[in-house]
Amino acid sequence: MTLETVRAVLGWGAILNLVFVSIWFFVFTFAHEWVFSLHTRWFDLPRATFDAIHYAGMAWYKLCTWMFFIIPYIILRCLI
């Protein structure tokens, strides 16, 4: 596997992960009641806990995307 291939995989992986977390955010924002009712069928969660779990999940996902895709991509971009 060449360095160019690794860079391409990291770049496309970063784009796909950021698209996923953006869709998650927009669904959570604009279909909040539907998502909340879907989850409360399975779990007995108060609204504040539900919101905190989702925001923490989005933050964690975004942080991992930066750590494992974007920062290595930038480092590899600077090497060559």
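This short talk goes through the fold of one chain, then its first helix, and then a few residues in the packing.

Before I start, please keep in mind that what you see is a predicted model, in which local features need pLDDT of at least 70 and side-chain atom pairs count only at pLDDT 80 or more, while totals for chains, interfaces and linings use all residues. Residues are numbered from 1 along each chain as its sequence is written, and side-chain values use heavy atoms, with hydrogens and water left out.

Let me begin with the chain as a whole. Its secondary structure comes to three helices and zero strands, where helices (H or I, at least four residues) and strands (E, at least two) are DSSP runs numbered from the N terminus. Along the sequence this reads as α-α-α. The radius of gyration of the chain is 17 Å, well over the 12 Å that the globule rule gives for 80 residues, so the chain is more spread out than a compact globule; the radius is taken over C-alpha atoms, and the rule is 2.2 Å times the number of residues to the power 0.38. The principal axes tell us about the extent of the C-alpha trace, which spans about 50 × 20 × 15 Å.

Turning to the surface, the accessible area of the chain is about 5900 Å², and 77% of that belongs to carbon and sulfur atoms, by the Shrake-Rupley method with a 1.4 Å probe, where for residues only the protein chains shown count as cover. Of the 80 residues, 25% count as buried, meaning under 20% relative accessible area, with exposed being over 50% and partly exposed in between (1.4 Å probe, protein chains only). Among contacts with a separation of 6 or more, 67% are made by residues 24 or more positions apart, a contact being heavy atoms within 4.5 Å.

Now to helix α1, which runs over residues 3–30 and has 28 residues. From its first C-alpha to its last, α1 reaches 40 Å, close to the 40 Å expected at 1.5 Å a residue, the expected span being 1.5 Å times one less than the number of residues. Which residues of α1 are buried? They are R7, L10, G11, G13, A14, N17, V21 and F28, and these buried residues pack against α2 (32–40) and α3 (47–79).

I would like to look at N17 more closely, since it appears in that set. At 14% relative accessibility N17 counts as buried, and, not counting residues up to four places away in sequence, N17 touches Y61, T65 and F69. One of these partners, T65, is found in helix α3 and is buried at 3% relative accessibility. With the sequence neighbours up to four places away again set aside, T65 touches A14, N17, L18 and I70.

What about L18, the residue that T65 also touches? L18 lies in α1 and, at 32% relative accessibility, counts as partly exposed. Leaving aside neighbours within four places in sequence, L18 is in contact with K62, T65 and I70. L18 and W66 are 48 residues apart in sequence, yet their C-alpha atoms lie 9.4 Å apart in space.

For a contrasting pair, take S22, also in helix α1 and partly exposed at a relative accessible area of 33%. The C-alpha atoms of S22 and F43, which are 21 residues apart along the chain, are separated by 25 Å.
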